[in-house]
Amino acid sequence: CDSVLINNVQGAYMATSYLIQKCSQQPGYLRSAYDIYNFSQRSAGFYKAIRGAGMSASQSIVHDLTPSIDGAYGDMMEILKSNEPVASCYFADNDLIAIGAIKAFKQHGLGIPEDISIIGFDNQPISSVIEPNLTTVHVPKKYMGEAAAERLISLIRNPGQPPIKTEISTSLVKRNSVGRAKHTGI
């Protein structure tokens with residue numbers, strides 16, 4: 001069937017590559033605890049960037065977090081209380097996970113980006129309001145809607161066309177949650 005999708009692999013790859021370049025460290029992964037197609041594609045992009053940088057995928061610290069602010073906060077607080085190792089920088093499957101983790105890190109006395117850098121995905125409005133503002137992957141939702149409407153009009157005018165899958169690229173919104181983080185050693 002016809003579809004207009006975002007290129008999740010490209011977005012996650014771009015974000016993870018940026019983390020590697022800025023932080024000069026092996027990124028960790030704040031992965032959704034829920035199995036959702038978009039998140040599995042983002043996972044593929046994350047690991048593609050890790051391997052592309054000559055790093056071992058098995059060396060990335062991965063935390064499975066509930067994909068909501070409160071859920072990710074609670075999950076990350078449990079991880080921090082149990083003294084599990086944390087990375088100096090993270091790619092998160094979405095902004096809500098990133099924001100929940102930031103809240104937990106800050107409550108635990110860690111600075112963003114001084115101690116830990118984080119990149120989210122989706123460019124939710126809240127990402128430009130929180131402190132620090134969240135570096136994130138922008139999804140051009142308006143453009144996606146326009147592309148879907150154009151395709152629908154084309155199908156109405158010329159029925160019987162074969163289905164087309166359109167993948168829309170994302171872009172990186174650089175804000176203040178990424179810096180040259182020092183490794184905390186926790």
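**Exercise 1. Find the residue with positive phi that follows α4, then describe both ends of the helix.**

Step 1. Gly109 follows α4, and its phi is positive, near 90°. Helices here are DSSP runs of H or I with at least four residues, strands are E runs of at least two, and both are numbered from the N terminus.

Step 2. This is a predicted model: local features need pLDDT of at least 70, side-chain atom pairs count only at pLDDT 80 or more, and totals for chains, interfaces and linings use all residues. Residues are numbered from 1 along each chain as its sequence is written, and side-chain values use heavy atoms, with hydrogens and water left out.

Step 3. Go to the N-terminal end. Asn94 caps α4 there, with a side-chain oxygen 3.1 Å from the backbone nitrogen of Leu96.

Step 4. Check the length. α4 has 13 residues, which should span 18 Å at 1.5 Å a residue; the end C-alpha atoms are 18 Å apart, so the two agree. The expected span is 1.5 Å times one less than the number of residues.

**Exercise 2. Do the same for α3: what lies at its start and just after it?**

Step 1. At the start of α3, a side-chain oxygen of Ser68 comes to within 3.0 Å of the backbone nitrogen of Gly71. A polar contact is a pair of N or O atoms within 3.5 Å; within protein, one must be able to donate a hydrogen and the other to accept it, and residues adjacent in sequence count only if both atoms are side-chain atoms.

Step 2. Asn83, just after α3, has a positive phi of about 60°.

Step 3. From first C-alpha to last, the 13 residues of α3 reach 18 Å, close to the expected 18 Å.

**Exercise 3. Give the strand order of the open sheet and place α4 on it.**

Step 1. The order of the 6 strands is β3-β2-β4-β5-β6-β8, with mixed pairing. Two strands pair if DSSP finds at least two bridges between them.

Step 2. β3 (62-65) and β8 (171-173) are the edge strands, each pairing on one side only.

Step 3. Take one pair. β2 (residues 28-32) and β3 run parallel over 4 bridges. Ser32 has Leu65 in β3 as its bridge partner.

Step 4. Add the helix. α4 (residues 95-107) lies across β2, β3, β4, β5 and β6, at about 155° to β5. Axes are lines fitted to C-alpha atoms, for helices over the stretch in contact; angles run from 0 to 180 degrees between N-to-C directions.

**Exercise 4. Which element gives the most to the largest nonpolar core?**

Step 1. The largest nonpolar core has 25 residues; Leu30, Leu65, Met76, Tyr90, Phe105, Ile116 and Ile118 have the most contacts inside it. Such a core is a set of buried Ala, Val, Leu, Ile, Met, Phe, Trp, Tyr and Cys residues joined through side-chain atoms within 4.5 Å. Buried means under 20% relative accessible area, exposed over 50%, partly exposed in between (1.4 Å probe, protein chains only).

Step 2. α4 gives the most, with 7 residues.

Step 3. Look at Phe105. Leaving out residues up to four places away in sequence, Phe105 touches Met76, Leu80, Val86, Tyr90, Leu110, Ile112, Ile116 and Ile118. Contact means heavy atoms within 4.5 Å.

**Exercise 5. Is Thr170 buried or exposed?**

Step 1. Thr170 sits in the loop between β7 (165-168) and β8.

Step 2. Its relative accessible area is 8%, so Thr170 is buried.

Step 3. Residues that Thr170 touches include Ile6, Met14, Phe121 and His138.
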